[in-house]
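Please open the model in your viewer and keep the sequence panel visible. The tour below proceeds one selection at a time.

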Amino acid sequence: MTLTMSIPALLFPAISLTMLAYNARYLAIAALIRQLHKEYLNTPSKNTVLQIKNLRKRLWLIRNMQAIAIVSFLTSVITMFLLYVEENGLANLIFGISLFALMISLCLSFIEVQISTKALSIRLDRIEENN
C-alpha cells in the first residue's frame, strides 16, 4: 500500500472529535465529583465514598484516553512530515503506531463507558428499591 499525505490527514478530524468527546466526559465527571464532594461534606456516607472511587477510576481512564489520543494525533503529524521528506518506510511504521494508539484510546473509552453505564444502573436500582 502506498501511503499518501491524505491518508494520515483523514485521522485529524476523527482524532479531534474523539478528543472533544473525551473532554466532555471529563468535564461531566469533574462536575459530578464537585457535587459529590459537597454531598459528602453535608452527609458523609459509604455510598458517596464508593461513587468517588468509581469516579477516580473513570478519571484515570479518561486521562489515559486523552494522552493516547494525543500520541495518535502527534504520530499522524510526524507521518505527514516523514512523507514530506520522502521517508516512506519510516512514515509507514509511524502511521501504524498512530493507528494502534487510536485503537488503544478507543478501547479505553469503551471500558470507561461500561463503568459509567454500570454506575448509572446501580443508581437506578437504588431509586427503584426506595419506591
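**First selection: a charged network**

Begin by selecting Arg25, which counts as partly exposed at 25% relative accessibility. Please bear in mind throughout that this is a predicted model.

Next, add Glu112 to the selection. Glu112 forms a salt bridge with Arg25, and the closest N and O atoms of the pair are 2.5 Å apart. Because Glu112 belongs to helix 3 and Arg25 to helix 1, this pair ties together parts that lie 87 residues apart in sequence. Is Glu112 buried or exposed? With a relative accessible area of 0%, Glu112 is buried.

Keep Glu112 in view and select Arg58. The side chains of Glu112 and Arg58 also meet in a salt bridge, at 2.7 Å from N to O. Here too distant parts of the chain are linked, since Glu112 is in helix 3 and Arg58 is in helix 2, 54 residues apart. Arg58 has a relative accessibility of 9%, and because buried means under 20%, Arg58 counts as buried. Through shared partners, the salt bridges join Arg25, Arg58 and Glu112 into one network. How many salt bridges does a search of the whole structure find? The search finds 2.

As general background, side chains of opposite charge can pair when their charged atoms come close.

**Second selection: two helices**

Now select helix 1 (residues 6-42) together with helix 2. Two packed helices are described by the angle between their axes and the distance between the axes. In this model, the axes of helix 1 and helix 2 come within 9 Å and cross at roughly 160 degrees. Helix 1 is therefore roughly antiparallel to helix 2, as angles over 145 degrees count as roughly antiparallel. The crossing of helix 1 past helix 2 is left-handed. Colour the contact between these helices by residue type: its residues divide into 25 nonpolar, 8 polar and 3 charged.

**Third selection: along helix 2**

Remain on helix 2 (residues 46-84) and select Val49, which is placed within it. Val49 is partly exposed, with a relative accessible area of 33%. Then add Phe73 and draw a distance between the C-alpha atoms: Val49 and Phe73 are 36 Å apart in space and 24 residues apart in sequence.

**Last selection: a loop residue**

Finally, select Glu86, in the loop between helix 2 and helix 3 (88-130). Most residues other than glycine have a negative phi. Glu86, although not a glycine, has a positive phi of about 60 degrees. Glu86 is exposed, with a relative accessible area of 67%.

Note on methods. Residues numbered from 1 in each chain as written. Predicted model: local features only at pLDDT ≥ 70, side-chain atom pairs only at ≥ 80, totals over all residues. Heavy atoms only, no water. Helix = DSSP H or I, 4+ residues; strand = E, 2+ residues; numbered from the N terminus. Buried < 20%, exposed > 50% of the residue type's maximum accessible area, 1.4 Å probe, protein only. Axes fitted to C-alpha atoms, helices over the stretch in contact; angles between N-to-C directions. Parallel < 35°, antiparallel > 145°, perpendicular 65-115°, else oblique. Left-handed = near helix turned anticlockwise from the far one by under 90°. Nonpolar A, V, L, I, M, F, W, Y, C, P; charged D, E, K, R; others polar. Salt bridge = Lys/Arg side-chain N within 4 Å of Asp/Glu carboxyl O.
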